[in-house]
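This report describes one residue and its surroundings, and then the enclosed spaces in the structure. Please look at the sequence and the 3D view first.

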Amino acid sequence: MLSASYLCSSCVSFFFILLWLLNGCFGGDPYVFYDWTISYVTASPLGDKQQVIGINGQFPGPILNVTTNWNVVVNVKNDLDEPLLLTWNGVQHRKNSWQDGVLGTNCPIPAGWNWTYQFQVKDQIGSFFYFPSLDFQRAAGGYGGIIINNRDVIPLPFAVPDGDITIFISDWYTKSHKKLRKDVENGVDLGVPDGILINGLGPYRYDAAIVPDGIPYQLINVEPGKTYRLRVHNVGISTSLNFRIQNHNLLLVETEGSYTVQQNYTNMDIHVGQSFSFLVTTDQNASSDYYIVASPRFVNSSEWNKVTGVAILHYSNSLGPASGPLPDPPNAYDTYFSMNQARSIRWNVSAGAARPNPQGSFKYGQITVTDVYVILNRPAELIEGKWRTTLNEQ
């Protein structure tokens, strides 16, 4: 027997397919369709088997690869044992918040039910990611990348890369998201994570005294003399991470939907929820593989020294494995470095692409202010037996 939710979503899907066919006849914006089942899957990111949240059996989830102005239809079946919402981090939902996937604007998808998201990536480009927004589920996975490409008539402000690579960096706990959620509600600090993952995998064994044998790690294969676009997302829950690649520069070209003035960095602080695009040129001599590193920032415990994510950049003509010490991070306590680095990023206003707030006015000095709101974030307090943070006491 089909549930009401299934019948409803089937009707919605049929409607969108019909609309897509009509648009195809009359030249409207294209539609793209995804069918996702979100469920628990078994993975071993730090060596021991544990339950994570996967999409169509994948952890991390699939890449949502679309183009400016496309209409996106994602049918989500919730096979978890608790309600679910997906949010599309950074994707603008103009005039309608019903597809945003945040509690308060969306009702949760009950366990065993499905919901069809439908939204248009209107006037946007760049690198974003999606994730589950309820009940600390993000700590168990359920995330994936969003790529919004330029339309063909709008050139990139750099040469077309030889490849496009998405990298997720995140703190990770072997404790389940349900136990973590209960700890946070009871005011228990999360503490030091059990590891830093890169694309859902643990660290390469760069130090036998720190990294146990048998942990799967990410290997990124590249060709010498090429330029690759790396889209790096911090999908963790609490830890700022410094990202770097041994002996390679990171040429920053885009962040969260805006092309930037192109600048080289040897490393980049990427805070929780941030996304950056770098161009990386494989111009080294390939005497060995190279470390890709994500290490914690602003931490004050020696235990954190053992928590570093390490992947491998492998040239096709590499002569051997990566070796030696990891590339040096910034001083762990140097907050000014991080702030100055963020201030050094400049928007490329000459790039031909989507602009923020295209439906609004850029003449901000001529806008009459009628209302001013002050939002006050208070420290966590005990509300109905659980620790909660509030905005304006709500």
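Asn234 is part of strand β12, which covers residues 227-234; strands here are DSSP runs of E with at least two residues, numbered from the N terminus. The model is predicted, so local features need pLDDT of at least 70 and side-chain atom pairs count only at pLDDT 80 or more, while totals for chains, interfaces and linings use all residues. Residues are numbered from 1 along each chain as its sequence is written, and side-chain values use heavy atoms, without hydrogens and water.

Asn234 counts as buried because its relative accessibility is 0%; buried means under 20% relative accessible area with a 1.4 Å probe, protein chains only. Among the residues that Asn234 touches are Phe129, Arg138, Ser170 and His271, leaving out residues up to four places away in sequence. Touching means heavy atoms within 4.5 Å. His271 is 37 residues from Asn234 along the chain, and their C-alpha atoms are 6.3 Å apart.

The side chain of Asn234 also has two backbone partners, listed below.

| Partner atom | Distance to the side chain of Asn234 |
|---|---|
| Gly236 backbone nitrogen | 3.0 Å |
| Thr239 backbone oxygen | 3.1 Å |

Now to the enclosed spaces. The structure has three cavities of 30 Å³ or more. A cavity is a set of points on a 1 Å grid over the protein atoms alone where a 1.4 Å probe fits but cannot get out, and lining residues have an atom within 4 Å of a point. The largest cavity holds about 60 Å³ of space. Its lining includes Arg138, Ser170 and Gly236.

Terms used
Helix = DSSP H or I, 4+ residues; strand = E, 2+ residues; numbered from the N terminus. Buried < 20%, exposed > 50% of the residue type's maximum accessible area, 1.4 Å probe, protein only. Polar contact = N/O pair within 3.5 Å; in protein donor to acceptor, adjacent residues only side chain to side chain. 1 Å grid on protein atoms, 1.4 Å probe; cavity = no way out; pocket = protein on both sides within 12 Å on 5 of 7 lines; lining within 4 Å. Points joined across faces, edges and corners; volume = space filled by probe spheres on them.
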